[in-house]
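Student: Could you take me through one helix pair in this model, up close? I'd like the geometry and then the residues behind it.

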Amino acid sequence: MGDLELLLPGEAEVLVRGLRSFPLREMGSEGWNQQHENLEKLNMQAILDATISQGEPIQELLVTHGKVPTLVEELIAVEMWKQKVFPVLCRVEDFKPQNTFPIYMVVHHEASIINLLETVFFHKEVCESAEDTVLDLVDYCHRKLTLLVARSGCGGPPEGEGSQDSNPMQELQKQAELMEFEIALKALSVLRYITDCVDSLSLSTLSRMLSTHNLPCLLVELLEHSPWNRREGGKLQQFEGSRWHTVAPSEQQKLSKLDGQVWIALYNLLLSPEAQARYCLTSFAKGQLLKLRAFLTDTLLDQLPNLAHLQSFLAHLALTETQPPKKDLVLEQIPEIWERLERENRGKWQAIAKHQLQHVFSPSEQDLRLQAQRECQVKHWEKHGKTCVLAAQGDRAK
């Protein structure tokens, strides 16, 4: 690996083997913080692995040591913490921390995990190694995309400018809202990679995607709203790489990565034999899907030629009689992580927040110095990782 090495030989395996699930009460603790740092390192190494072939990639280690379900559980646990505990912390009037970085680390944890999953789920064996937790991950992605559609109908993601009157906790809430937008876009990519495995998914997972959540119709709504595109001052902007970019007029017909993810997911869910056997084309579904015809331009088909098959499917669908909703009695698995975590912590949100206020988020002067060092280390890792990725991309371009 040479100059492009981030983790020493064998170090990545040690970090992967040490991954574990934490109770909500322990989020932000010393052990939890160490795992968060380890995840950031694995994240950058996984991105580098995706750029160049080297050693034993992170995704192979995650599969070998059975840690993909652990990552899914940690993802859903921090999502629940942000929904149930973080608002309690924000409502405590006399809580005015000198440094919000310890809380920011927990808020940011969800983004770290979904970013790692986005990188490794490109490989089908990772999706297969998720086992039953793929159901939980499908539900997670559905929650994020539903929120994304709802927010796009209300003017899109919040802007990042702060207010002079805001206190540190209010600023952290704004950062969390901005982060939520990017997390949802990452979830879209993860969902697309799950649909790549449609031929090996369980019947329960297919039913969850097609019947319970009707993901094809949700994806149509995403295409209609395109929350990753916006107009500013008459210029088209696209969200990519954590920020908005102005798109040159000559590039505006070019398919964006996120639009491409939606189209590929739709292709997988509508044209694979396994999905077609499970998807009930009701009159509502037919009406929604036929909206896609307006988007299937010659320019788009030139960039994704396989969509010609989708165009033919829609032409046939327009002439097809719709089906009544199916009422088959089928014994299916259901996602259990969210429900289990909620059951274990129901009625304890205030107590968890109080414990964390006293023991985690009110650090001593010495703790603050250590956290400042940790913050510098994390930023150094991110900078070093990006430098390695850019160097690798430059080598590949030669």
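Tutor: Let's start with the yardstick: angles under 35 degrees count as roughly parallel, over 145 as roughly antiparallel, 65 to 115 as roughly perpendicular, and the rest as oblique. Keep in mind that this is a predicted model. The pair to look at is helix α8 (residues 133-152) and helix α9 (residues 168-195), whose axes come within 8 Å and cross at roughly 130°. That is why α8 and α9 count as oblique to each other. As for handedness, the crossing of α8 and α9 is left-handed.

Now for the residues. On the α8 side, the contact uses V134, L137, V138, Y140, C141, K144, L145, L147, L148 and R151. Facing them from α9 are E177, E180, F181, I183, A184, L185, A187, L188, V190, L191 and I194. Sorted by class, the contact of α8 with α9 has 17 nonpolar residues, four charged ones and no polar ones.

How far to trust the coordinates? The chain has a mean pLDDT of 88, with 88% of its residues at 70 or more. Confidence is highest in helix α4 (residues 68-84), at a mean of 98, and lowest in helix α19 (residues 365-397), at 66.

While you have the viewer open, there's also some ring geometry to check. The structure holds seven aromatic pairs. One of them is F101 with Y104, a stacked pair at 6.3 Å centre to centre with 25° between the planes. Both F101 and Y104 sit in helix α6 (residues 101-120), three residues apart, or about one turn of the helix.

Terms used
Residues are numbered from 1 along each chain as its sequence is written. This is a predicted model: local features need pLDDT of at least 70, side-chain atom pairs count only at pLDDT 80 or more; totals for chains, interfaces and linings use all residues. Side-chain values use heavy atoms; hydrogens and water are left out. Axes are lines fitted to C-alpha atoms, for helices over the stretch in contact, and angles run from 0 to 180 degrees between N-to-C directions. Helices (H or I, at least four residues) and strands (E, at least two) are DSSP runs, numbered from the N terminus. A crossing is left-handed if the near helix is turned anticlockwise from the far one by less than a right angle, and right-handed if clockwise. Contact means heavy atoms within 4.5 Å. Ala, Val, Leu, Ile, Met, Phe, Trp, Tyr, Cys and Pro count as nonpolar, Asp, Glu, Lys and Arg as charged, and the others, Gly among them, as polar. pLDDT is the predictor's confidence in each residue, from 0 to 100. Rings of Phe, Tyr and Trp (its six-membered ring) pair if their centres lie within 6.5 Å; planes under 30 degrees apart count as stacked, over 60 as edge-to-face and the rest as tilted.
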